[in-house]
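Reader: Could you take me through this structure? I would like to begin with one residue and its contacts.

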Amino acid sequence: MNIKMTGNGRVVVDGREFVGNNVSIKNGKVIVDGKTQDGELVGDINVTVHGDVQLLVSGSGSVTAESVGEISTGSGDVNCANVAGSIRTGSGDVDCSHVGGSVRTGSGDVNHR
């Protein structure tokens, strides 16, 4: 998973909070602005983003965000408010408000408010 923020944002990963411009998850480790954080993630990963996101790319796990430029996931549900660009997910439900681009899911429901 890779989250690129437009400024410092707050990202909650499985109940743990991280603050930074770039947050990524690789091999069960959370990396914030290039620094590996303590602890490991196991199982399904749930991410909530507080702040403006330019790009959010995830292989799997549920994602919740308010203001996003673009979202792409391999599998997992996407819940968001405003998306300037598009949302793409291979498998998962999409529940969102305003979307400036398109919404695509290979398998899942789309709820657009």
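Author: Val-13 touches Phe-18, Ile-25, Val-30, Leu-41, Ile-45, Asn-46 and Val-47, leaving out residues up to four places away in sequence. Contact means heavy atoms within 4.5 Å. This is a predicted model, in which local features need pLDDT of at least 70 and side-chain atom pairs count only at pLDDT 80 or more, while totals for chains, interfaces and linings use all residues. Residues are numbered from 1 along each chain as its sequence is written, and side-chain values use heavy atoms, without hydrogens and water.

Reader: How many residues has the largest nonpolar core?

Author: That core has 27 residues, and Val-13 is among those with the most contacts inside it, along with Ile-3, Val-47, Val-49 and Ile-87. A nonpolar core is a set of buried Ala, Val, Leu, Ile, Met, Phe, Trp, Tyr and Cys residues joined through side-chain atoms within 4.5 Å; buried means under 20% relative accessible area, exposed over 50%, and partly exposed in between (1.4 Å probe, protein chains only).

Reader: New topic: how many disulfides are there?

Author: A search of the whole structure finds zero disulfides, a disulfide being a pair of cysteine sulfur atoms within 2.5 Å.

Reader: Why is there no bond from Cys-80?

Author: The closest cysteine sulfur, in Cys-96, is 4.6 Å from that of Cys-80, so it is too far for a bond.

Reader: And is Cys-80 buried or exposed?

Author: Cys-80 is buried, at 5% relative accessibility. Cys-96 is buried as well, with a relative accessible area of 0%.
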